[in-house]
Amino acid sequence: MIFDSIMSFKEAAKGTKAPKSVLAQMVLLEVQYYGTDKKLHQGQMMVHRDLAGDVKEIFSKMLAEKFAVHKAVPMSAYGWDDNKAMADNNSSAFCYRNIAGTDELSWHALGRAIDINPKFNPWIHKDGKCCPPDGKYDVKRSGTLCEGGVISKLFLKKGFIWGKDFAKYEDIHHFEKWLTPHPNPLPQGEREFLKPTVGLVLDEADDFAGWNYVKALVDCGLNVKFITYEKAEKQMSDVSGLLLPGGFFGFPAKWYQKKVDAKESKRCKAYVAAYKYAQKRKMPILGICAGMQVMACLNGAKLFNDIKKECPDVKEEHRDAKEKAKAHLVKIEKKSLLYKILGKEKIWVNSNHSESVVPSSFAAPAVSGEGIVEAIELGGFALGLQWHPEYMYAVDGDKNSKKIFKAFAEVIRQEL
């Protein structure tokens, strides 16, 4: 992950002329986004605390939709100069200033206005003049806001007014949400989010977890925070649930039933740290494929290193069948959490794994027709699945998969 901004609140506010009473209303948010370089980035937005939930949800949706954001850096980095920030195509919110060319205070001065990709979404006068001068509006480009688009519609749904609809000019990058009295004033720095956030550990190969996971979580009303490998547990303080995604990465040799040449990877260590943090706090946890295997091994299970070699009687498709919605059947116990969610004793699933949990080392609430462990349950909502429901949901629209993510989201909301 590329970090565009890692300021403290004091650094983000340095040099502002805003009164203390205004600054006390601001919060500094970490936001993650799909960059214009097609890589995962993390930046920061300073906004009014009332908008914190909206902003987190909007950035999560932009991430799920791969709506490109060039960068998001607090305005102190530009000396509070709006023209410099726009020239750098920077997305921002709080900036204590007047509306350009007037003596009227801007909604940015109260942290209640947001600018997104000013170069892609320029201010355009009726005479065709643009600001920034090299801005170009091209609705075919990712990161461009357009009428009827997913992101602009979400802003409008949240009650923002879009600058594209201004009478004298089109301020396409600009959204503002007017002031309403807050019934319960909050102490300075306290955050208020409308939607709970799920921690999602990064993918080792691509530097980001698969977008199908993000789509499944966001579509079920959750925000997403990516967890990096260094000190993963310290990044979990503002999340309410944990998703450990699938992937191919090194496990400790001691986790295998037979002796293997294996070394624990940084990604695995991050999974372990994040899982222990979530487990200790009884957070809802969903582990998928390798994520399930980590959960099982941390609770005493052993692994087959190679199903084909160690389970010669297995003929079902398990490896490289992720894109097949009906690779094989899974049988589900009626007393299980999974049955409670799905209401079915058998379902078709996809598959993409060569390792698996040894059945004799762990009680499984769901198995394939040939006895491969397909799910684990560890009490509360700590559910592991060997197949890939995120792919089945995002690509195939699978109803069973949607029920799983919906149940995960519902229990997280209940725990808040």
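In this predicted model, the largest pocket has a lining of 30 residues, and R97, N98, I99, A100 and D171 are the ones that lie nearest its centre. Four elements each give two or more residues to that lining: α4 (82–87), β8 (130–131), β10 (169–171) and β11 (174–176). Helix α4 makes the largest contribution, with three residues. As for volume, the largest pocket comes out at about 720 Å³. Sorted by class, its lining is a real mix, with 13 nonpolar, nine polar and eight charged residues.

Strand β11, one of the elements in the pocket lining, also turns up in a sheet. This open sheet has three strands in the order β6-β11-β9, and the pairing is antiparallel. The edge positions go to β6 (113–115) and β9 (161–162); each has a single partner strand, so one side of each has no neighbour in the sheet. Between β6 and β11 there are three bridges. One residue pair to look for here is I114 with its bridge partner F175, which sits in β11.

Pockets are open, but what about enclosed space? Rolling a probe the size of a water molecule over the atoms shows where empty space is left. Counting cavities of 30 Å³ or more gives two.

The largest cavity has a volume of about 100 Å³. Its lining is made up of E30, V31, Q32, Q42, V55, K56, F59, S60, L63, V224 and K225. The elements β2 (26–34), α3 (52–64) and β13 (223–227) each supply two or more of these residues, and α3 has the largest share, with five. By class, the lining of this cavity splits into five nonpolar, three polar and three charged residues.

The second largest cavity has a volume of about 50 Å³. Around it are Q44, M45, M46, V73, P74, M75, W80, S91, S92, A93 and F94. Here the largest share, three residues, belongs to strand β3 (residues 40–48). Eight of the lining residues are nonpolar and three are polar, with no charged residues at all.

Next come the helices. Two packed helices are described by the angle between their axes and the distance between the axes. For helix α6 (residues 211–219) and helix α11 (residues 389–396), the angle is about 75 degrees and the axes are 8 Å apart. Angles from 65 to 115 degrees count as roughly perpendicular, so α6 and α11 are roughly perpendicular to each other. On the α6 side, the contact is made by N212, Y213, K215, A216 and D219, while α11 brings in E390, Y391, Y393, A394 and V395. Taken by class, the residues of this contact are six nonpolar, one polar and three charged.

Finally, the backbone has a couple of spots to look at. Most residues other than glycine have a negative phi, and most peptide bonds are trans. Against that background, the peptide bond joining C131 and P132 is cis, with omega at about 0 degrees. P132 is found in the loop between β8 and α5 (150–157). The other spot is K38, a residue other than glycine whose phi is positive, near 65 degrees. This residue, K38, belongs to the loop between β2 and β3.

Note on methods
Residues numbered from 1 in each chain as written. Predicted model: local features only at pLDDT ≥ 70, side-chain atom pairs only at ≥ 80, totals over all residues. Heavy atoms only, no water. 1 Å grid on protein atoms, 1.4 Å probe; cavity = no way out; pocket = protein on both sides within 12 Å on 5 of 7 lines; lining within 4 Å. Points joined across faces, edges and corners; volume = space filled by probe spheres on them. Nonpolar A, V, L, I, M, F, W, Y, C, P; charged D, E, K, R; others polar. Axes fitted to C-alpha atoms, helices over the stretch in contact; angles between N-to-C directions. Parallel < 35°, antiparallel > 145°, perpendicular 65-115°, else oblique. Contact = heavy atoms within 4.5 Å. Pairing = 2+ DSSP bridges.
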